[in-house]
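Student: Could you take me slowly through a single part of this model, and show me how that part relates to the protein interior?

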Amino acid sequence: MRSRLTTFHPDQPIRDVVAVLLDKKISGGPVVDAKGKLVGMISELDCLRAEAGTAYEGHYSARDRLVQDEMTKDCLTIGPDANIYTMAHLFEKHS
């Protein structure tokens, strides 16, 4: 588990997220509001879907899409003290 997370914000453009993901060689990160509260998760798959969706809709790129448009909002979370068996159970149950 990392202690210094790279976080994103709901009003951040998808193009900025893509640049950070590529630069830091990460596959996604938490989306937090102005108070630092978790409001979602954004992944490289979300960014690809944004790009594919805008291409399908006839737009050139996802440059106008925001994190809040593409992020996963209903996140299942666990505490830092959860054991591996609890995590495995949750992954199995919720994919």
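Tutor: What follows is a close look at one helix and its surroundings. The model is a predicted one, and the part to look at is helix H1, which spans residues 14–24 and has Ile14, Val17 and Leu21 as its buried residues. These residues lie on the same side of H1, because they cover an arc of only 55° around the axis. On the face turned away from that buried side, H1 carries the exposed residues Leu22 and Asp23, and the helix is followed by Lys25, whose phi is positive, near 55°.

The buried side of H1 leads into the largest nonpolar core, which has 11 residues in all and includes Ile14, Val17 and Leu21 together with, among others, Phe8, Ile26, Val31, Ile42 and Met71. Two elements, H1 and helix H2 (44–56), give two or more residues to this core, and H1 supplies its largest share, three residues. In soluble globular proteins, nonpolar side chains tend to be buried together.

Val67, another member of the core, touches Ile14 and Val17 of the helix, and its contacts beyond four places in sequence also include His9, Pro10, Gln12, Val31 and Ile42. Cys47 belongs to the core as well, and it counts as buried because its relative accessible area is 6%, under the 20% cut-off. Cys75, by contrast, is partly exposed, with a relative accessible area of 28%, and the count of disulfides comes to zero.

Technical notes:
Residues are numbered from 1 along each chain as its sequence is written. This is a predicted model: local features need pLDDT of at least 70, side-chain atom pairs count only at pLDDT 80 or more; totals for chains, interfaces and linings use all residues. Side-chain values use heavy atoms; hydrogens and water are left out. Buried means under 20% relative accessible area, exposed over 50%, partly exposed in between (1.4 Å probe, protein chains only). Helices (H or I, at least four residues) and strands (E, at least two) are DSSP runs, numbered from the N terminus. The arc is that of the directions from the helix axis to the C-beta atoms. A nonpolar core is a set of buried Ala, Val, Leu, Ile, Met, Phe, Trp, Tyr and Cys residues joined through side-chain atoms within 4.5 Å. Contact means heavy atoms within 4.5 Å. A disulfide is a pair of cysteine sulfur atoms within 2.5 Å.
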